[in-house]
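Please walk through the structure below with attention to its cysteines, its internal space and one of its helices.

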Amino acid sequence: MMSLLHYQIVNYIRTYKYIPPFFIFILCMVVNYAFVPNPILDSYSFTSTFLFMLMGWFTVTIFHGEDEGQKVITILHSKGEKAYFRALYLICIMIGFCLSCVAVFYPIMIDAFGEKPRALHIILGFLAHFSLSILSIALSSLFTRELVQNRQNSWWGVLSILIISLAIASLKNVIVQVQGLIWLLPPVHLSLKMMSADDSIQTIPAVFYWQYIWIFIYSMLVISLYFFISNRKKKM
């Protein structure tokens with residue numbers, strides 16, 4: 001797995017496809033914190049939402065890093081398709097983790113907040129960024145070329161599912177009226193709701209941890225769905 005992971009990372013670096021989303025992320029950080037002071041949790045809520053959208057871009061470019069011919073050769077040299085796609089997911093998760101750390105610690109380093117962030121602000125900020133990154137990776141992977149043949153449909157699918165997921169957050173009060181429906185839809189609203197807490201919050205409510213755990217569980221279920229659909233398509 002380590003050799004496969006190393007190869008995929010080197011291959012992705014050589015594609016230069018990461019440059020546009022990475023520089024857009026950096027630009028967002030610089031512009032968002034250009035004027036000080038800023039509220040802590042509101043700022044983290046905005047940048048986590050922005051990262052949620054950008055991780056869809058990263059995911060598609062990682063899953064499409066090799067052409068079809070080279071992908072077949074790589075799969076043959078790895079331990080099968082599952083190992084191949086697990087490596088791609090791990091790269092996406094590593095990028096999400098690194099960008100989450102940057103998004104959380106950059107404003108602290110430049111003293112961009114109106115007050116000194118406490119440990120609970122940093123924990124909530126990281127969980128918001130990383131959980132939405134994982135959710136974006138899971139949702140976006142459903143529209144990569146393994147499941148969607150047309151590359152244009154891949155991009156439209158990714159963009160649509162991420163925008164719809166954000167729209168669901170604003171329509172939560174309507175959706176909850178349909179019993180059980182809210183559990184089937186991407187739980188972006190949970191992170192946004194938690195990050196709407198006041199900066200003066202003294203402790204992290206236990207329910208917050210359970211809600212973030214649900215975001216991660218939901219993401220893992222979607223990733224499992226990816227492998228399930230992929231296997232079904234191979235057998236057809």
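Cys28 counts as buried because its relative accessibility is 10%, where buried means under 20% relative accessible area, exposed over 50% and partly exposed in between, with a 1.4 Å probe and protein chains only. This is a predicted model, in which local features need pLDDT of at least 70 and side-chain atom pairs count only at pLDDT 80 or more, while totals for chains, interfaces and linings use all residues. Residues are numbered from 1 along each chain as its sequence is written, and side-chain values use heavy atoms, with hydrogens and water left out.

The structure holds zero disulfides, a disulfide being a pair of cysteine sulfur atoms within 2.5 Å. For Cys28, the nearest cysteine sulfur belongs to Cys101 and is 16 Å away. Cys98 is likewise in no disulfide, with the sulfur of Cys101 as its nearest at 6.6 Å; Cys98 is partly exposed, at a relative accessible area of 45%.

Turning to internal space, there is one cavity of 30 Å³ or more, where a cavity is a set of points on a 1 Å grid over the protein atoms alone at which a 1.4 Å probe fits but cannot get out, and lining residues have an atom within 4 Å of a point. The largest cavity is lined by Gln8, Asn11, Tyr12, Ile62, Gly65, Glu66 and Leu88, and helix α1 (residues 2-15) gives the largest share of this lining, three residues.

Helix α6 (residues 119-141) has 23 residues, which should span 33 Å at 1.5 Å a residue, and its end C-alpha atoms are 33 Å apart, in agreement; the expected span is 1.5 Å times one less than the number of residues. Helices are DSSP runs of H or I with at least four residues, numbered from the N terminus. Of the 23 residues of α6, 19 are buried, so the helix is mostly covered.

Terms used
Helices (H or I, at least four residues) and strands (E, at least two) are DSSP runs, numbered from the N terminus. On a 1 Å grid over the protein atoms alone, a cavity is a set of points where a 1.4 Å probe fits but cannot get out, and a pocket is an open set with protein on both sides within 12 Å along at least five of seven lines; lining residues have an atom within 4 Å of a point. Grid points are joined across faces, edges and corners, and a volume is the space filled by probe spheres set on the points.
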